[in-house]
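Please look over the following chain and its fold, which the questions below take up one at a time.

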Amino acid sequence: MSEESSISNILSANRKVAGDGSLVIYDLTEGVNFSNPKKTAEELAKAFFENDAVNWFQVTDDHIEFNPTYKVRIVLAEDHSRKLEETVDDFLEDLKKKEIYPRFSQQIKDTSENDSNLKAAMVAGTIHSLLMKHYGKQIDKNYLQDDLFLDILEKLEIRSLNNADLIDWKKLPI
């Protein structure tokens, strides 16, 4: 069994929904190998995004609406303290760059281009807009991607068994 399918299976087996449906808890205190934090984080991000986070978004043409109906809590053991910190940091980065952006890249691109076109029309003909056009589009794309990422973080908790928050809010990949 591959590491990817193993993590996906562990997530599925340990996914519990609260009676009122307002919270989904993944108890990953056992069975997850943290010896390779980057690989583990990548697979956790992929599995979490596909199982839950993608359901929080509704896409219509180039419009993305964030409408979650529940919160997700991922519970991890503290046994591997340093490896666990690396995994959580990598998880957040992978979630943003490898899950959110590829899934919504067209909408992010369309929205940033529409915003850029509107801005360009307002200041048409200026040298500044010609020089800054590409740079402005990239800033808009990054802003939209960061915005989607922050939307997800509002509904995601990563906690230890003693309920300590494992997200380092000062080191978010934004």
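Q: Which side chain makes a polar contact with the side chain of Thr29?
A: In this predicted model, local features need pLDDT of at least 70, side-chain atom pairs count only at pLDDT 80 or more, and totals for chains, interfaces and linings use all residues. Residues are numbered from 1 along each chain as its sequence is written, and side-chain values use heavy atoms, with hydrogens and water left out. A polar contact is a pair of N or O atoms within 3.5 Å, where within protein one must be able to donate a hydrogen and the other to accept it, and residues adjacent in sequence count only if both atoms are side-chain atoms. Thr29 lies in the loop between β2 and α2, and at 2.6 Å the partner of its side chain is that of Asp27.

Q: Which residues does Ile152 touch, not counting residues up to four places away in sequence?
A: Contact means heavy atoms within 4.5 Å. On that basis, the residues touched by Ile152 are Phe48, Phe49, Ala53, Trp56, Phe57, Phe66, Leu95 and Ile100.

Q: Which element gives the largest share of the largest nonpolar core?
A: Such a core is a set of buried (under 20% relative accessible area, 1.4 Å probe, protein chains only) Ala, Val, Leu, Ile, Met, Phe, Trp, Tyr and Cys residues joined through side-chain atoms within 4.5 Å. The core has 39 residues, of which Phe91, Leu95 and Ile152 touch the most other members. Among the elements that give two or more residues to this core are α3 (81-122) and α4 (127-154), helices here being DSSP runs of H or I with at least four residues, and strands runs of E with at least two, numbered from the N terminus. The largest share, seven residues, comes from α3.

Key: Buried means under 20% relative accessible area, exposed over 50%, partly exposed in between (1.4 Å probe, protein chains only).
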